[in-house]
Amino acid sequence: MNSIDDVQAALADQDYVCGPALATVVFLALRLGRPLFLEGEAGTGKTEIARAIAAALGRRLIRLQCYEGLDAASAVYEWNFAAQMMAIRRAEATGAAPPDLYSDDFLIARPLLEAMRPDPAGPPVLLIDEIDRTDAPFEAFLLEALSDFQVTIPETGTVRAPAPPIVVLTSNRTREVHDALKRRCLYHWVDYPDHDREMAILAARAPEASEALSREVVAFVQRLRTKDLFKKPGVAETIDWAKCLLALDMIDLSPEVIADTLGALLKYQDDIQKLQGSEAARILAEVRAEVA
Ligand SMILES: Nc1ncnc2c1ncn2[C@@H]1O[C@H](COP(=O)(O)OP(=O)(O)OP(=O)(O)O)[C@@H](O)[C@H]1O
Ligand SMILES: [Mg+2]
(Lines give C-alpha, C1' and ligand atoms only; values in the text may rest on other atoms or scores of the structure.)
(Ligands and ions follow the chains in the order given, each with its own letter.)
Protein backbone atom coordinates (compact mmCIF):
# COMPACT_ATOMS: atom_id res chain seq x y z
CA MET A 1 0.00 0.00 0.00
CA ASN A 2 2.13 2.79 -1.36
CA SER A 3 -0.30 5.67 -1.36
CA ILE A 4 -3.50 6.84 0.26
CA ASP A 5 -5.41 5.79 -2.86
CA ASP A 6 -3.82 2.34 -2.61
CA VAL A 7 -5.05 2.02 0.97
CA GLN A 8 -8.58 2.99 -0.04
CA ALA A 9 -8.58 0.54 -2.94
CA ALA A 10 -7.08 -2.33 -0.92
CA LEU A 11 -9.64 -1.84 1.85
CA ALA A 12 -12.45 -1.55 -0.69
CA ASP A 13 -11.40 -4.99 -1.98
CA GLN A 14 -12.16 -6.22 1.53
CA ASP A 15 -15.59 -4.53 1.39
CA TYR A 16 -14.38 -1.84 3.76
CA VAL A 17 -15.37 1.68 2.78
CA CYS A 18 -12.78 4.13 3.97
CA GLY A 19 -12.92 7.91 3.58
CA PRO A 20 -9.81 9.95 2.73
CA ALA A 21 -9.16 11.04 6.34
CA LEU A 22 -9.14 7.50 7.71
CA ALA A 23 -7.19 6.23 4.70
CA THR A 24 -4.55 8.87 5.41
CA VAL A 25 -3.95 7.79 9.02
CA VAL A 26 -3.90 4.14 8.00
CA PHE A 27 -1.34 4.92 5.32
CA LEU A 28 0.79 6.89 7.79
CA ALA A 29 0.52 4.25 10.49
CA LEU A 30 1.78 1.62 8.06
CA ARG A 31 4.46 3.86 6.59
CA LEU A 32 5.80 5.15 9.93
CA GLY A 33 5.24 1.90 11.83
CA ARG A 34 3.13 3.65 14.46
CA PRO A 35 0.13 2.17 16.28
CA LEU A 36 -3.24 3.39 15.07
CA PHE A 37 -5.61 4.58 17.77
CA LEU A 38 -9.26 4.62 16.69
CA GLU A 39 -11.86 6.14 18.93
CA GLY A 40 -15.52 6.57 18.05
CA GLU A 41 -19.15 5.65 18.39
CA ALA A 42 -20.22 2.01 18.58
CA GLY A 43 -20.66 0.13 15.35
CA THR A 44 -18.73 2.54 13.13
CA GLY A 45 -16.15 0.09 11.78
CA LYS A 46 -13.27 0.42 14.26
CA THR A 47 -12.79 -3.28 14.84
CA GLU A 48 -13.57 -4.20 11.26
CA ILE A 49 -10.77 -2.08 9.83
CA ALA A 50 -8.14 -4.19 11.60
CA ARG A 51 -9.62 -7.25 9.96
CA ALA A 52 -9.65 -5.49 6.59
CA ILE A 53 -6.03 -4.32 6.91
CA ALA A 54 -4.86 -7.84 7.84
CA ALA A 55 -6.75 -9.41 4.94
CA ALA A 56 -5.56 -6.77 2.47
CA LEU A 57 -1.91 -7.34 3.47
CA GLY A 58 -2.25 -11.11 3.79
CA ARG A 59 -1.21 -10.93 7.44
CA ARG A 60 -2.53 -12.76 10.43
CA LEU A 61 -4.97 -10.91 12.67
CA ILE A 62 -4.34 -11.34 16.38
CA ARG A 63 -6.99 -9.89 18.63
CA LEU A 64 -6.67 -8.92 22.24
CA GLN A 65 -10.19 -8.26 23.48
CA CYS A 66 -9.94 -6.02 26.53
CA TYR A 67 -12.21 -6.33 29.54
CA GLU A 68 -12.35 -5.07 33.08
CA GLY A 69 -9.75 -6.86 35.15
CA LEU A 70 -7.61 -7.97 32.21
CA ASP A 71 -4.06 -8.31 33.52
CA ALA A 72 -0.68 -8.56 31.90
CA ALA A 73 -0.40 -12.30 32.54
CA SER A 74 -3.49 -13.25 30.60
CA ALA A 75 -2.60 -10.88 27.77
CA VAL A 76 0.90 -12.30 27.29
CA TYR A 77 1.18 -15.95 28.29
CA GLU A 78 0.08 -18.53 30.78
CA TRP A 79 1.58 -21.79 31.95
CA ASN A 80 -0.50 -24.84 31.22
CA PHE A 81 -0.84 -26.15 34.78
CA ALA A 82 -2.91 -29.18 33.81
CA ALA A 83 -0.33 -30.33 31.27
CA GLN A 84 2.49 -29.69 33.78
CA MET A 85 0.71 -31.81 36.39
CA MET A 86 0.15 -34.61 33.92
CA ALA A 87 3.79 -34.57 32.84
CA ILE A 88 4.88 -34.82 36.49
CA ARG A 89 2.52 -37.74 37.13
CA ARG A 90 3.68 -39.48 33.97
CA ALA A 91 7.32 -39.08 34.98
CA GLU A 92 6.55 -40.39 38.50
CA ALA A 93 4.67 -43.40 37.15
CA THR A 94 7.35 -44.40 34.66
CA GLY A 95 10.33 -43.44 36.78
CA ALA A 96 11.55 -41.15 33.98
CA ALA A 97 13.51 -37.97 34.59
CA PRO A 98 11.36 -35.05 35.78
CA PRO A 99 10.14 -32.92 32.89
CA ASP A 100 11.26 -29.33 32.29
CA LEU A 101 8.05 -27.65 33.39
CA TYR A 102 8.98 -24.24 32.06
CA SER A 103 9.62 -25.09 28.44
CA ASP A 104 7.69 -24.07 25.33
CA ASP A 105 5.72 -27.33 25.56
CA PHE A 106 3.83 -25.94 28.53
CA LEU A 107 3.60 -22.34 27.47
CA ILE A 108 0.25 -21.02 26.26
CA ALA A 109 0.90 -17.90 24.21
CA ARG A 110 -1.73 -15.19 24.63
CA PRO A 111 -2.22 -12.44 22.01
CA LEU A 112 0.69 -10.16 22.92
CA LEU A 113 3.26 -12.96 22.89
CA GLU A 114 1.70 -14.40 19.76
CA ALA A 115 2.08 -11.04 18.01
CA MET A 116 5.81 -10.88 18.88
CA ARG A 117 6.61 -14.25 17.36
CA PRO A 118 8.05 -14.40 13.85
CA ASP A 119 5.53 -15.14 11.12
CA PRO A 120 6.55 -16.19 7.59
CA ALA A 121 3.73 -14.04 6.15
CA GLY A 122 5.20 -10.95 7.79
CA PRO A 123 4.39 -9.10 11.02
CA PRO A 124 0.78 -9.72 12.04
CA VAL A 125 -1.90 -7.13 12.72
CA LEU A 126 -2.40 -6.85 16.47
CA LEU A 127 -5.86 -5.57 17.34
CA ILE A 128 -6.15 -4.30 20.91
CA ASP A 129 -9.90 -3.95 21.02
CA GLU A 130 -11.82 -1.72 23.44
CA ILE A 131 -8.84 -0.57 25.47
CA ASP A 132 -11.13 1.75 27.47
CA ARG A 133 -12.49 -1.31 29.26
CA THR A 134 -9.18 -2.02 31.00
CA ASP A 135 -7.57 -0.06 33.80
CA ALA A 136 -4.57 2.27 34.16
CA PRO A 137 -2.04 -0.40 35.26
CA PHE A 138 -2.78 -2.47 32.18
CA GLU A 139 -2.42 0.60 30.01
CA ALA A 140 0.98 1.31 31.53
CA PHE A 141 2.03 -2.25 30.87
CA LEU A 142 0.82 -1.98 27.29
CA LEU A 143 2.68 1.26 26.79
CA GLU A 144 5.90 -0.53 27.65
CA ALA A 145 5.15 -3.57 25.51
CA LEU A 146 4.34 -1.34 22.55
CA SER A 147 7.43 0.78 22.91
CA ASP A 148 10.01 -1.98 22.63
CA PHE A 149 7.93 -4.80 21.14
CA GLN A 150 9.29 -7.36 23.49
CA VAL A 151 7.94 -9.34 26.40
CA THR A 152 9.87 -11.05 29.15
CA ILE A 153 8.95 -14.44 30.50
CA PRO A 154 10.90 -14.80 33.75
CA GLU A 155 11.29 -18.57 33.43
CA THR A 156 12.51 -18.65 29.83
CA GLY A 157 13.71 -15.20 28.80
CA THR A 158 12.77 -12.35 26.54
CA VAL A 159 10.87 -12.66 23.30
CA ARG A 160 11.52 -9.86 20.88
CA ALA A 161 9.50 -9.28 17.73
CA PRO A 162 11.76 -9.59 14.64
CA ALA A 163 9.67 -6.80 13.11
CA PRO A 164 7.02 -4.81 14.96
CA PRO A 165 3.43 -5.91 14.43
CA ILE A 166 0.92 -3.51 12.93
CA VAL A 167 -1.02 -2.33 15.96
CA VAL A 168 -4.62 -1.09 15.93
CA LEU A 169 -6.15 0.08 19.22
CA THR A 170 -9.83 0.88 19.54
CA SER A 171 -11.82 2.67 22.20
CA ASN A 172 -15.48 3.51 22.68
CA ARG A 173 -14.43 6.30 25.00
CA THR A 174 -16.27 5.09 28.06
CA ARG A 175 -13.28 6.73 29.74
CA GLU A 176 -10.29 8.74 28.52
CA VAL A 177 -7.25 6.67 27.68
CA HIS A 178 -4.02 8.04 29.14
CA ASP A 179 -2.16 10.69 27.13
CA ALA A 180 1.10 8.76 27.24
CA LEU A 181 -0.43 5.88 25.35
CA LYS A 182 -2.23 8.14 22.89
CA ARG A 183 0.92 10.10 22.20
CA ARG A 184 2.61 6.98 20.93
CA CYS A 185 -0.14 6.45 18.37
CA LEU A 186 -1.71 8.10 15.36
CA TYR A 187 -5.19 9.11 16.43
CA HIS A 188 -8.41 9.16 14.45
CA TRP A 189 -11.99 9.74 15.54
CA VAL A 190 -14.30 7.41 13.63
CA ASP A 191 -17.58 9.23 13.17
CA TYR A 192 -20.85 8.06 11.69
CA PRO A 193 -20.52 8.07 7.90
CA ASP A 194 -22.34 10.70 5.86
CA HIS A 195 -25.18 9.71 3.54
CA ASP A 196 -23.06 8.82 0.51
CA ARG A 197 -20.51 6.82 2.43
CA GLU A 198 -23.20 4.90 4.25
CA MET A 199 -24.79 4.10 0.86
CA ALA A 200 -21.41 2.77 -0.29
CA ILE A 201 -21.07 0.66 2.88
CA LEU A 202 -24.54 -0.77 2.39
CA ALA A 203 -23.75 -1.56 -1.24
CA ALA A 204 -20.65 -3.46 -0.09
CA ARG A 205 -22.21 -5.25 2.87
CA ALA A 206 -25.80 -5.84 1.74
CA PRO A 207 -25.54 -5.89 -2.06
CA GLU A 208 -28.90 -7.69 -2.30
CA ALA A 209 -30.69 -4.51 -1.23
CA SER A 210 -32.06 -2.42 -4.08
CA GLU A 211 -30.82 1.12 -4.58
CA ALA A 212 -34.29 2.45 -3.71
CA LEU A 213 -34.58 0.52 -0.44
CA SER A 214 -30.99 1.39 0.53
CA ARG A 215 -31.68 5.06 -0.07
CA GLU A 216 -34.68 5.00 2.27
CA VAL A 217 -32.88 2.96 4.90
CA VAL A 218 -29.84 5.23 4.93
CA ALA A 219 -31.88 8.44 4.92
CA PHE A 220 -34.01 7.11 7.78
CA VAL A 221 -31.03 6.07 9.90
CA GLN A 222 -29.22 9.36 9.22
CA ARG A 223 -32.29 11.25 10.42
CA LEU A 224 -32.66 8.99 13.41
CA ARG A 225 -29.12 9.90 14.49
CA THR A 226 -30.12 13.56 14.76
CA LYS A 227 -32.81 12.66 17.33
CA ASP A 228 -32.25 12.66 21.03
CA LEU A 229 -31.66 8.95 21.66
CA PHE A 230 -29.94 7.10 24.45
CA LYS A 231 -28.02 5.00 21.93
CA LYS A 232 -27.87 6.01 18.29
CA PRO A 233 -27.74 3.31 15.64
CA GLY A 234 -24.28 2.58 14.18
CA VAL A 235 -23.40 1.33 10.73
CA ALA A 236 -23.72 -2.24 11.96
CA GLU A 237 -27.37 -1.51 12.79
CA THR A 238 -28.02 0.00 9.36
CA ILE A 239 -26.73 -3.19 7.72
CA ASP A 240 -28.71 -5.40 10.09
CA TRP A 241 -31.87 -3.44 9.46
CA ALA A 242 -31.49 -3.62 5.68
CA LYS A 243 -31.00 -7.39 5.97
CA CYS A 244 -34.11 -7.72 8.14
CA LEU A 245 -36.17 -5.79 5.60
CA LEU A 246 -34.83 -8.00 2.82
CA ALA A 247 -35.67 -11.14 4.79
CA LEU A 248 -39.22 -9.83 5.06
CA ASP A 249 -39.31 -9.16 1.30
CA MET A 250 -39.92 -5.47 1.85
CA ILE A 251 -39.23 -3.22 -1.10
CA ASP A 252 -39.81 0.02 0.75
CA LEU A 253 -40.46 1.35 4.23
CA SER A 254 -43.82 1.85 5.89
CA PRO A 255 -44.64 2.95 9.44
CA GLU A 256 -45.86 -0.58 10.23
CA VAL A 257 -42.75 -2.36 9.01
CA ILE A 258 -40.55 0.17 10.80
CA ALA A 259 -42.40 -0.49 14.06
CA ASP A 260 -42.01 -4.25 13.59
CA THR A 261 -38.28 -4.12 12.89
CA LEU A 262 -37.11 -1.33 15.21
CA GLY A 263 -35.29 -3.89 17.34
CA ALA A 264 -32.64 -4.18 14.63
CA LEU A 265 -31.89 -0.46 14.90
CA LEU A 266 -32.47 0.49 18.52
CA LYS A 267 -31.46 -1.58 21.49
CA TYR A 268 -33.03 0.34 24.35
CA GLN A 269 -36.70 0.19 25.21
CA ASP A 270 -36.84 3.94 25.92
CA ASP A 271 -35.55 4.69 22.43
CA ILE A 272 -37.92 2.19 20.83
CA GLN A 273 -40.84 3.67 22.71
CA LYS A 274 -39.94 7.15 21.48
CA LEU A 275 -40.07 5.95 17.90
CA GLN A 276 -43.19 3.87 18.08
CA GLY A 277 -46.35 5.51 16.83
CA SER A 278 -46.36 8.84 15.08
CA GLU A 279 -42.65 9.66 15.39
CA ALA A 280 -41.55 6.94 12.95
CA ALA A 281 -44.23 8.02 10.48
CA ARG A 282 -43.06 11.63 10.78
CA ILE A 283 -39.42 10.73 10.10
CA LEU A 284 -40.50 8.55 7.19
CA ALA A 285 -42.46 11.46 5.68
CA GLU A 286 -39.35 13.64 5.95
CA VAL A 287 -37.29 10.91 4.33
CA ARG A 288 -39.77 10.56 1.47
CA ALA A 289 -39.73 14.30 0.91
CA GLU A 290 -35.92 14.25 0.87
CA VAL A 291 -35.59 11.23 -1.43
CA ALA A 292 -38.18 12.56 -3.90
N1 LIG B 1 -16.56 1.64 6.73
C2 LIG B 1 -17.15 0.45 6.70
N3 LIG B 1 -17.09 -0.32 5.61
C4 LIG B 1 -17.69 -1.53 5.58
N5 LIG B 1 -18.37 -2.05 6.61
C6 LIG B 1 -18.46 -1.34 7.73
C7 LIG B 1 -17.85 -0.06 7.84
N8 LIG B 1 -18.10 0.43 9.07
C9 LIG B 1 -18.84 -0.50 9.69
N10 LIG B 1 -19.05 -1.57 8.90
C11 LIG B 1 -19.86 -2.74 9.24
O12 LIG B 1 -20.35 -2.56 10.56
C13 LIG B 1 -20.03 -3.69 11.36
C14 LIG B 1 -19.64 -3.20 12.73
O15 LIG B 1 -18.38 -2.62 12.68
P16 LIG B 1 -17.35 -2.80 13.86
O17 LIG B 1 -17.66 -4.01 14.64
O18 LIG B 1 -16.01 -2.65 13.29
O19 LIG B 1 -17.74 -1.53 14.71
P20 LIG B 1 -16.98 -0.95 15.98
O21 LIG B 1 -16.71 0.47 15.67
O22 LIG B 1 -15.84 -1.83 16.33
O23 LIG B 1 -18.14 -1.04 17.03
P24 LIG B 1 -18.04 -1.34 18.62
O25 LIG B 1 -17.59 -0.06 19.19
O26 LIG B 1 -19.47 -1.65 18.95
O27 LIG B 1 -17.10 -2.46 18.80
C28 LIG B 1 -18.91 -4.41 10.64
O29 LIG B 1 -19.03 -5.79 10.80
C30 LIG B 1 -19.12 -4.04 9.21
O31 LIG B 1 -20.00 -4.98 8.61
MG1 LIG C 1 -15.47 -3.01 17.96
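The protein chain in this predicted model holds 14 helices and nine strands. Laid along the principal axes, its C-alpha atoms fill a box of roughly 80 × 45 × 35 Å. Of the 292 residues in the chain, 32% are buried. If you take the contacts with a separation of 6 or more, 76% of them link residues 24 or more positions apart.

**Two domains**

The chain splits into domain 1 (4-71 + 112-190) and domain 2 (195-291). Where they touch, domain 1 puts in eight residues and domain 2 puts in ten. On the domain 1 side of that contact you'll find two nonpolar, four polar and two charged residues. The C-alpha centres of the two domains sit 32 Å apart.

There's also a database label to go with this. An unreviewed UniProt entry lists residues 32-194 as "domain: AAA+ ATPase". In the model, that span is 34% helix and 25% strand, and its end C-alpha atoms are 29 Å apart.

**Around ligand 1**

What surrounds ligand 1? A shell of 18 residues does, and the closest of them are Gly-45, Lys-46, Thr-47, Glu-48 and Ala-236. Three elements give two or more residues each to this shell: α3 (46-57), α9 (195-205) and α11 (235-247). By class, the shell is made up of eight nonpolar, six polar and four charged residues. Domain 1 and domain 2 both supply residues here, so ligand 1 lies between them.

**The nonpolar core**

In soluble globular proteins, nonpolar side chains tend to be buried together. Here, the largest nonpolar core has 70 residues, and the members that touch the most others are Ile-53, Leu-112, Val-168 and Phe-220. As with the ligand shell, both domains give residues to this core, so the core lies between domain 1 and domain 2.

Take Val-168 as a way in. Leaving out residues up to four places away in sequence, Val-168 touches Leu-36, Leu-38, Ile-49, Ala-50, Val-125 and Leu-127.

**Three loop residues worth a look**

Here are three residues that sit in loops, with their C-beta neighbour counts.

| Residue | Loop | C-beta atoms within 10 Å | Class |
|---|---|---|---|
| Ala-206 | between α9 and α10 (211-224) | 19 | partly exposed |
| Glu-130 | between β5 (125-129) and α7 (136-148) | 19 | partly exposed |
| Phe-149 | between α7 and β6 (150-153) | 20 | buried |

Why is Phe-149 classed as buried? The cut-off is 20 or more other C-beta atoms within 10 Å, and Phe-149 has 20, so it counts as buried. Glu-130 has 19 of them, so it is partly exposed.

Backbone angles are the other thing to check at two of these spots. Glu-130 has a positive phi of about 60° although it isn't a glycine. Phe-149, also a residue other than glycine, has a positive phi near 45°.

And Ala-206? Its contacts, again not counting residues up to four places away in sequence, are Ile-239, Ala-242 and Lys-243. How far is Ala-206 from Cys-185 in sequence and in space? The two are 21 residues apart along the chain and 33 Å apart from C-alpha to C-alpha.

Technical notes
Residues numbered from 1 in each chain as written. Chains lettered and ligands numbered in written order. Near = placed C-beta within 6 Å. Helix = DSSP H or I, 4+ residues; strand = E, 2+ residues; numbered from the N terminus. Nonpolar A, V, L, I, M, F, W, Y, C, P; charged D, E, K, R; others polar. Domains from an automatic or database assignment. Contact = placed C-beta atoms within 7 Å. UniProt positions renumbered as here; feature names shortened; annotations may be inferred. Core = buried A, V, L, I, M, F, W, Y, C linked by C-beta atoms within 7 Å. Buried ≥ 20, exposed ≤ 12 C-beta atoms within 10 Å, placed from the backbone.
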